[in-house]
Amino acid sequence: MADKILLIGGSANGFGRETESDAASYQMTSALLKRGYEVYLVDDNPFSFTASRNDVHLEVLELTAENIVKVIVANGINAIVPTVGGTTAIQLTYEVEEIMGEQGPAVLGLSSSVLQASQNTKYLQECLKQWHLPSVQTRLASTPGEVFDAARELEFPVFVRSIAPQGQALRLQAEDAEELDQVAELALDRSLTHQVNVDKSIHGYKEISMIVMRDFRNTNLLVGGIEDMDPVGIHSADSIAVTPIQTLADPVVQALRDTAFQIARGFNVYGLLEVRFAVNPEDDEFVVTRIIPYYDRKASLLEGATGYPMVPVMTGLMLGDRLDRVHIPSSYAEHTAALEPTMDHIVVRFPVFTFGELASAGIPTNRRLDTIQKSVGATLGVGRSLEEALEKALRAAHFSNRSFSPDLMGKLTDSEVIEQLIHPQDNRILLLLEAIRRGYTVDELAELTHIDAFYFYKLANIMQLELDVKEHPWDYEVLKSAKYYGLSDGLIAKLWGTAYESVRRYRWDNNILPTYKAFEPSAGEFQESVSQFYSTFEDENESKRLGDDTVMIVGTGAFRLGDGAAASYVLANVMDEFRNLGYQTVLLNNNPHDLTFIPQLSDKQYFEPLEISDIMNVAEIEQPTRIVVPGNRIKLIKSLKSAGLNVDVLVREKYLETTLTAEKDQLLYNYFYDGAQLHPMVVSRQSNRKVSIDSTEQIDLEQVQLPEMPADATIGFYQFVCDEADLSTDVLQGRMRPMPFMQLAFLDKVSSADWIRIMIRYMVGQPTDADEVVVHATPILNWPFNHAVMRYQDTEFKEHLNIVDRLDNGQFAMGTTYEVD
Amino acid sequence: MTKRYLILEDGSIYEGEAFGAPATTFGEIFFHTAMTGYQEIMTNPIYHNQIVVFTVPTIGAAGINHRADEAIVPMVKGVVVREVAEVSTNRLQTMSMHEFLLRHNVPGISRLDTRALTRHLRETGAQKASIVDYPDDHAFDQLRALVMTNQEVQQTSTPRAYVNPGRGANIVVIDFGLKNGILRMLNDYDANVTVLPYNATLDEVMNLDPDGIVLSSGPGDPSAVPEDILDLIRTLQKEVPLLGVGLGHELFAMANHVEVEPMPVEHHGMNHPIREQITNQIMYATQAQGYQVVKGTIKNSDLFVTHVDLTDGSIQGLRHRNYPAFSVQFFPDTAPGPIEATQPFDDFMDMVNIRRGA
Amino acid sequence: MAKEIVDAMAMQRALTRITYEIIEKNKGINNLVIVGIKTRGVYIGQHIADRLQQLESAEIPVGQLDISSYRDDHSDAPVKQDLDVNIDGKRVILVDDVLYTGRTIRAALDALMDNGRPAVVNLAVLVDRGHRELPIRADFVGKNIPTSASERIQVNVEEVDGYDSVEIE
């Protein structure tokens, strides 16, 4: 078996890829090292946490097949892992296989046919047909009569596609005979061979994902199923997703499970496979639409939702372990890997979009959702009812987003409501509530939206609850019921026209208190070892104080445009360092794809929204020694301090000024502030598309007069921004700001010192002698390269949002990569 | 919204909300961890006289449809769940959970901490429970005075023989509390099935010239089933290929002098890894098991172990050393449950057809 | 073109069934020896032995028989093949992949008898395709597949062919 294993990184974060694959590769690296392998990683993502490990061989290279081949040859790599770098790694593995052929390294877990099928829908459909599994139905036709024969057989609606089209490929939908009359001739004429494919349309079907594990001996296990509330036609990442599956009967679920098993077997997958289905709500017939053979957002959603150790298990299986004997960390119960997870809670994943941020920056976008992903982040809401899970997810996603103000909806005309029901936008959940409020019946809504009526009954319950709350101020039973179904203190306070503290106090006085339930994969059947909790309002609380010297870390929630991935990187380092220092760590966060949920980083995790009340509730149980808050959340910090808690603020520059209008580079003088004095680090430059450090053009920063720090400044990193791009030791005109997380992550990554960890050691008053040396050293000492550049790219915005304007990437930070020389 | 209470024999009280019928009910309480298949579970005769706690937080969203019935009426005495979908919309649906239970006079209780209840039952094991309007002393007295019947099989077995015709092999099913899934499976093989009551005699069975015998699943304690059945099994297994399921498996074991005992923790779910000994493969199947074969008593019998539950090592399948006869503790009929669990039917029908051909 | 008529799963199931039938017929595994006919019969025999071992935790000897020199289309006197297992007084299960005319089995029986005096010999085959030319019958059959004499049956085993299947062409 291989002894040098290469993980292919996923490169920049962007639409469709948050930090989930980095979190997976971090865990996989730990498992591989433990089993004695040498681990190599190729990545150019400045926010890669795996790349910051000093026990992996890192190659910072652009992710191209040529570069990967070079690394393979130069280092004598025996095997590559394609499953923890998103689609990038899958595509590259396929290309590397083509280039290297038999001489190439082993590809762990995946056959070349599954690599191909995940990239090429046509090939997938051919495989499915061969295995007699349900594929998208299609018929060939060369006359209008044959087109109609096909439509009669497949039933409307259908899609007509020209074969070998002249000019741009056409895919025309026909809802009825009249439309087909118009479309058939056109499509036939477009074809060089005068032929068309007639496909049965799956628009409006239910979209279901099944994630299975398979070992080399063909043992299969279903980790879980995820149901999208939104139908096929809205990108799965933009859909509100629910697990466990709610609206399918057992025989359908079993058929999907078995089909996923057959596909995993057919492609000889060792490890994880996600199979995506479209299920016709009329007759439960289904087709397979996609396969995803790598760790992606749905996998991390299910890992969070079930507590199943997905990464350790997939690592073992790809190395040839058997599912019943796979090595998993001893913190899990012995049978856990082979037990199919079953849930006694409901998890809702709620997407977070970019439109609000773009609109504030004056960039017009079309908010309509379609088959191209528009969301950049997500939150999880966990509860014991769909209402509760949905309320919590919504609250976690949008506690401060203006485009989710319910007042907006009241202003829509009836025809606008109908238009948006048919062509949904990012804030459709509010629209659905508004439609219910305006008296549309459930059946009408289900027909217009293709959303299962089940969800409308649940939304109607929420509406009714809010109404009850509003009409019965300070009513004990109503309050109890509202909390039971997940309404926040803040919302109730708003409906009662009071402050949230008053609602909170009233709850306390009436003993309506949160209870924390464990996530574990047996639904209470077994005594499992658990570290993950969520709140609900029931009888039994299962969460006890972890210990008497803990650090509680407040996460940053959903990724939005901006510093999501960088914040995730910073917090992951913070948590790891606290554990190194001997603290137990408790995490509070709600983004399942976030690095902070890596199991090695914390002793206990709470999946919760991050409003003040959520944080205070957990703080009351845990009574931590310290609590880390990223960003200056003034109200929260005040509440925590008044509860006698010791707060460490990670200074965060959330809203960067634009660099679009700057004519020249900005000069950035970077400092570490140790609580008493500033220590110069390095000078960097920023322009619209990049941040760069040139270690050959540094000046003696000791000579530059130190900017003044406010008296209440906290330990951390700051930068002095100067519009005059000429490097000089003269007194400069400019302004001091906290160093943005993107730049902090970048500096931390390219420096030879672990700055974030040093900061933590200063925070707890335990800097090492080496830290003192680093902090006082001349800047050049810590920069072991000539140039380091971090770049932002626009391409993602063009592809996903059709934005052609030049964007202010320093502000939005998508598609960030770096290079050093 | 009507408040009701679930009370347990050990004095526990859980407050919740009523759904289904407003009746007061008694039964033995157990929890089921499956996430799908609520209707099949409620109508499985193995749960005759029992109160089911669903650990999945919401049931009912896929509606009620008669194709998912395992018996013509619900068999459970009560349903306990966190949330019931108020109205369901599945195209197969004929009514909602609430209407279904109301029609059959089965009470339900929702909006209670079913996870706390499950964790409690995990510690205490099976006990008597009641769904009542008020949890007063009178309610507890009645509950404690309740004597559970040991006539479960007699009460759920068909009183007289009937035929489920087909054109294939001639299969006799002995009904100890048969569920429809077993008939559905045999239908898939186009078997000509005759269902006989639990007290069928050897002549009654053999007069039908069976190509194979199925000992059905059923409720209750296997030792409460009349001894004559064990003699019947001992004779039949020599003559005809035989498959035992659930209670049928336990009786097959007892007929071959293997002992059966109540389980310390019952299995009701579909997520346990079950290992097939001969291939070392793992599969998943629906389990509904309150009794288990005593491992130590197999060694000196003519049976050997074919399947084992990996979570607790309990025996899930047995086979006769000398005759074409075997049995499984789990449900191989996928109603509800994983499809890979149907293998025993394939094996049984292979066995039947090979011997018919020979 | 070759068409798969038994897939890997069905092939595994057939071997499982044969194993159970062997136990049933022999009232256990005492005194049992498996002899596989080269090449694929050996691997199939090994699969059966593995299964018996899983169930009974006792190792079953597996011998290999090369019968090429015993074939009746071979004019020279057969060269005796030494079996690496003792079959004297044993209950021998002779294993091959396909049973066709029966001539291979006859040759195998000759080769077997040159190596000792078994108590009983039973025959297990994965596929019986008919067209017997000798009075030979298998005791354990995985799959009866009626074929035309012009068709070819190919049994693939993981160890030799990389995958398990039965194909017809």
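**Figure 1. Contact of chain B with chain C in the predicted model, centred on the pair B:Arg321 and C:Glu56.** The side chains of B:Arg321 and C:Glu56 form a salt bridge, with 2.9 Å from N to O. In total, five salt bridges are found across the interface of chain B and chain C. Five residue pairs are in polar contact across this interface, with both residues at pLDDT 80 or more. On chain B, strand E19 (303-309) and helix H10 (343-357) each provide at least two residues of the side that touches chain C. H10(B) accounts for the largest share of that side, five residues. The side of chain B that touches chain C is made up of six nonpolar, six polar and six charged residues. The contact involves 18 residues of chain B and 14 residues of chain C. About 1600 Å² is buried between chain B and chain C, with 50% of it on carbon and sulfur atoms.

**Figure 2. Contact of chain B with chain A, with the salt bridge of A:Glu538 and B:Arg82.** Chain A contributes 63 residues to this contact and chain B contributes 51 residues. The area buried between the two chains is about 4600 Å², 45% of it on carbon and sulfur atoms. Eight salt bridges are counted between chain B and chain A. One of them joins the side chains of A:Glu538 and B:Arg82, at 2.3 Å from N to O. Polar contacts between chain B and chain A number 29 residue pairs, both residues being at pLDDT 80 or more. Helix H3 (114-124), strand E15 (260-269) and strand E17 (281-283) of chain B each give at least two residues to the side of chain B that touches chain A. H3(B) gives the most, with six residues. By class, the residues on this side of chain B are 20 nonpolar, 18 polar and 13 charged.

**Figure 3. Surroundings of B:Thr156 in helix H5 of chain B.** Helix H5 of chain B covers residues 152-156 and includes B:Thr156. B:Thr156 has a relative accessibility of 16% and therefore counts as buried, the cut-off being under 20%. Within the helix, the side chain of B:Thr156 reaches the backbone oxygen of B:Glu152 at 2.9 Å. Beyond the neighbours within four places in sequence, B:Thr156 is in contact with B:Pro45, B:His48, B:Met75, B:Asp175, B:Phe176, B:Gly177 and B:Pro219.

**Figure 4. Helix H9 of chain B and the residue B:His257 that follows.** Helix H9 of chain B spans residues 247-255, and nine of its nine residues are buried, so the helix is largely enclosed by the rest of the structure. The buried residues are B:Leu247, B:Gly248, B:His249, B:Glu250, B:Leu251, B:Phe252, B:Ala253, B:Met254 and B:Ala255. After H9(B) comes B:His257, which has a positive phi near 65 degrees.

**Figure 5. The largest nonpolar core and the contacts of A:Met759.** This core has 106 residues, and those with the most contacts inside it are A:Met213, A:Met310, A:Trp755 and A:Met759. Helix H21 of chain A (residues 564-580) supplies the largest share of the core, ten residues. Residues up to four places away in sequence not counted, A:Met759 touches A:Val574, A:Leu650, A:Phe672, A:Ile715, A:Gly716 and A:Phe717. Another core lies apart from this one and has 53 residues, including B:Ile46, B:Val56, B:Ile64 and B:Ala191.

**Figure 6. Surroundings of A:Tyr455 in helix H17 of chain A.** A:Tyr455 belongs to helix H17 of chain A, residues 453-471. A:Tyr455 is buried, at a relative accessible area of 3%. With residues up to four places away in sequence left out, A:Tyr455 touches A:Glu227, A:Met229, A:Val242, A:Gln246, A:Thr247 and A:Leu386. The C-alpha atoms of A:Tyr455 and A:Gln246 are 9.5 Å apart, and the two residues are 209 residues apart in sequence.

**Figure 7. Surroundings of A:Ala305 in helix H9 of chain A.** Helix H9 of chain A runs over residues 297-306 and contains A:Ala305. With a relative accessibility of 0%, A:Ala305 counts as buried. Apart from its neighbours within four places in sequence, A:Ala305 is in contact with A:Thr243, A:Met343, A:His345, A:Val347 and A:Phe519. A:Glu175 lies 130 residues from A:Ala305 along the chain, and the C-alpha atoms of the two are separated by 39 Å.

Key: Residues numbered from 1 in each chain as written. Chains lettered and ligands numbered in written order. Predicted model: local features only at pLDDT ≥ 70, side-chain atom pairs only at ≥ 80, totals over all residues. Heavy atoms only, no water. Contact = heavy atoms within 4.5 Å. Buried area = accessible area lost by both parts, 1.4 Å probe. Salt bridge = Lys/Arg side-chain N within 4 Å of Asp/Glu carboxyl O. Polar contact = N/O pair within 3.5 Å; in protein donor to acceptor, adjacent residues only side chain to side chain. Helix = DSSP H or I, 4+ residues; strand = E, 2+ residues; numbered from the N terminus. Nonpolar A, V, L, I, M, F, W, Y, C, P; charged D, E, K, R; others polar. Buried < 20%, exposed > 50% of the residue type's maximum accessible area, 1.4 Å probe, protein only. Core = buried A, V, L, I, M, F, W, Y, C linked by side-chain atoms within 4.5 Å.
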